[in-house]
Amino acid sequence: MNNSTLNSQEITALYCRLSRDDDLQGDSNSIVHQKSMLMQYAQTHHFPNPQFYIDDGFTGTNFERPDFKRMINDIEDGTVKTVIVKDMSRFGREYLQVGMYTEIFFPEKFVRFIAVNDGVDSSKGDNEFTPFRNIINEWYAKDTSKKIKAVFKAKGMSGVSLCSVPPYGYLKKDNKSCWIIDPVAADVIRRIFAEFTGGKTINQIANGLKEDMVLIPTAYKQQNGLINIQELPLEKCYNWTSTTIRGILDNPSYIGTVVNFKSYAPSFKNKKRIPNSIEDCVTFENAHEPIIDSDTWGVAQKLRNGKRRNPRIGGIALFSGYVFCADCGKKLYLIRISNDRSKDHYNCSTYRKKSKCCSAHYIKEQVLKEIILSELKEITSFAKAYENDFIEMLQNGSQNETERLRKSLNKDMALAKKRLQELDTITARLYEDNITGKITLDVFNRLSSIYVSEQAELQKTITAQTAKLTKLSEKQANINGFLSVVKKYTEITELTPAILGEFVDKIVVHERNKSNKTQKIDIYYKGVGTINLNHTVGSDISA
């Protein structure tokens, strides 16, 4: 192969890079400007076969860039003999990596490297100032990262969502941070929540959306110009998955809540996002108009937390996550009987695993349905006919227990506060004794440390007891909330997951009384606890 043929195959790589931060600085750093400048330079200096390698929107602190990696592969293959960039910062802003490429990798591959504006040309020998310039470029990237983080921190703490694109169901108002409801997508969100709280499984919901040819969120946003991505193939536009449905059901944005700082980048060089702990997230309620009401959201989360399984026969268990053992406190699991569905029943999970640690607490699913449905009918009927009496019954139902707890909490708080006053007096005397020389400084420090620790523990106790008393005081609000749920239903003819979720918090099943063949069931209603109705199951329906 002659030299002219070899030269014709050589590539002069014109590398351009622009990150989002660089783009803020105007046209001087734009890709168009870089391309024009580098092509003019290559033509003026007669570099053969110039070809562009462009990474638009990629940070200089990370070298995992598509076209940069393509350029490196071409160098490995021996097709690239010259690399030209506008300046060193376009090549990269990570000091060690830039040095590795320009001082080790390129010389090993006999590649000439030129940074036009910085006067760097490896064919003319080392430029002593280049290492310092690389360090300055890295410092610049670090400083820019700090400033951007500060801006995002201030924005996030103000209650504005940090999402660049609103979740499916919302649109940006006037291209600003305020979200408004997208009517078309919101109807799909409401359908998903309605079907889930109505008893459908996540897979059933996904399959229903596929059959009705509802666009998946990504395809919907792409087709409506909300995101700029390559158009999805037709077969993927309606491919709803269980992961997508779960993400929607678990997203608090749909009740008007914004959660910021859900993840963070460990450093300005590593852009991989790491999930934050719940304590480090910041939540803002009522940040925008909700698509889903709080009652429906609560029911959905109750069902999600129940981790309902879809058995091969019989579908989802209605009471999954609601039924608990009165003795060990563990969940009761549903046992399906394939040849006789009337015998489907719940058993204590502890008993199923270790039979000696607890008893079966056996109860038929159908019996449980009849009990709950019958009691809900009785409650709603009584509440509508005698609202004032019903409120009084709720207030008095656990009044004795509430008063007992209130007295106990107040007594504990009084003791804690009395002891705090005593410690204040003791600490003051201790200080005087130290000043007057009655005790040594070592003794003072040791005793003082003990008393300060005790004061801190007492303060924690007082704070906790205050919170419990506040919770007791919220009972009237809970009663009003429960009453509003009761009023929603003119008649309950069927027990659905949605109805169960709105009314019931948990169901506690006791072991059968073998002597009189009865079984006690405690139904705890949301916000009000048990209601004083008869929950004893006779042997004629529980056997």
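Two strands count as a pair when DSSP finds at least two bridges between them. Keep that in mind for the strand views below, all drawn from a predicted model.

**View 1. Strand 14 and strand 15 lie side by side.** Strand 14 (residues 345-348) and strand 15 run antiparallel and are joined by 2 bridges. If you would like one bridge to look for, start at H345, whose partner in strand 15 is K364.

**View 2. A three-stranded open sheet.** Here the frame widens to take in strand 13, and the 3 strands follow the order 13-14-15 with antiparallel pairing. Strand 13 (332-335) and strand 15 (363-364) are the edge strands; each has a single partner strand, so one side of each is left without a neighbour in the sheet.

**View 3. K343, in the loop between strand 13 and strand 14.** Look for K343 in the loop that links these two strands. Is K343 buried or partly exposed? Its relative accessible area is 44%, which makes K343 partly exposed. Setting aside neighbours within four places in sequence, K343 is in contact with I337 and Y362. K364 is worth finding in this view too: K343 and K364 are separated by 21 residues in sequence, yet their C-alpha atoms are 6.5 Å apart in space.

**View 4. The largest nonpolar core.** This core has 74 residues, and the members that touch the most others are W240, F319, F482, F503 and Y525. Which helix gives the most to this core? That is helix 14 (residues 365-385), with 8 residues. As background, nonpolar side chains in soluble globular proteins tend to be buried together.

**View 5. Y525 and its surroundings.** Zooming in on Y525, and leaving aside its neighbours within four places in sequence, you will find it in contact with E375, L376, I379, F482, F503, V504, D505 and I531. A second core, separate from the largest one, has 22 residues, among them V85, V111, A115 and V120.

**View 6. Cysteines without disulfides.** How many disulfides does a search of the whole structure find? The search finds 0. C358 is in no disulfide, and its nearest cysteine sulfur, that of C325, lies 3.6 Å away. The cut-off for a disulfide is 2.5 Å between cysteine sulfur atoms. C358 counts as buried because its relative accessibility is 11%. Another cysteine, C16, is buried as well, at 0% relative accessibility.

**View 7. The whole protein, for orientation.** Step back and you can count 20 helices and 18 strands. Of the 543 residues in the protein, 40% are buried. The accessible surface comes to about 31000 Å², and carbon and sulfur atoms account for 51% of that. Taking contacts between residues at least 6 apart in sequence, 62% join residues at least 24 apart.

**View 8. Where to trust the model, and where to take care.** The protein averages a pLDDT of 79, with 80% of the residues scoring at least 70. Among its elements, strand 3 (residues 80-85) has the highest mean pLDDT, at 94, and helix 20 (residues 539-542) the lowest, at 39. Over residues 1-6 the pLDDT is below 50, and this stretch has 2 contacts in the model beyond near neighbours in sequence. Residues 534-543 also have a pLDDT below 50, with 26 contacts beyond near neighbours in sequence. Where pLDDT is low, the predicted coordinates should not be read in detail.

Terms used:
Residues numbered from 1 in each chain as written. Heavy atoms only, no water. Helix = DSSP H or I, 4+ residues; strand = E, 2+ residues; numbered from the N terminus. Buried < 20%, exposed > 50% of the residue type's maximum accessible area, 1.4 Å probe, protein only. Contact = heavy atoms within 4.5 Å. Areas by Shrake-Rupley, 256 points an atom, 1.4 Å probe, with all protein chains shown as cover. Core = buried A, V, L, I, M, F, W, Y, C linked by side-chain atoms within 4.5 Å. pLDDT = per-residue confidence, 0-100.
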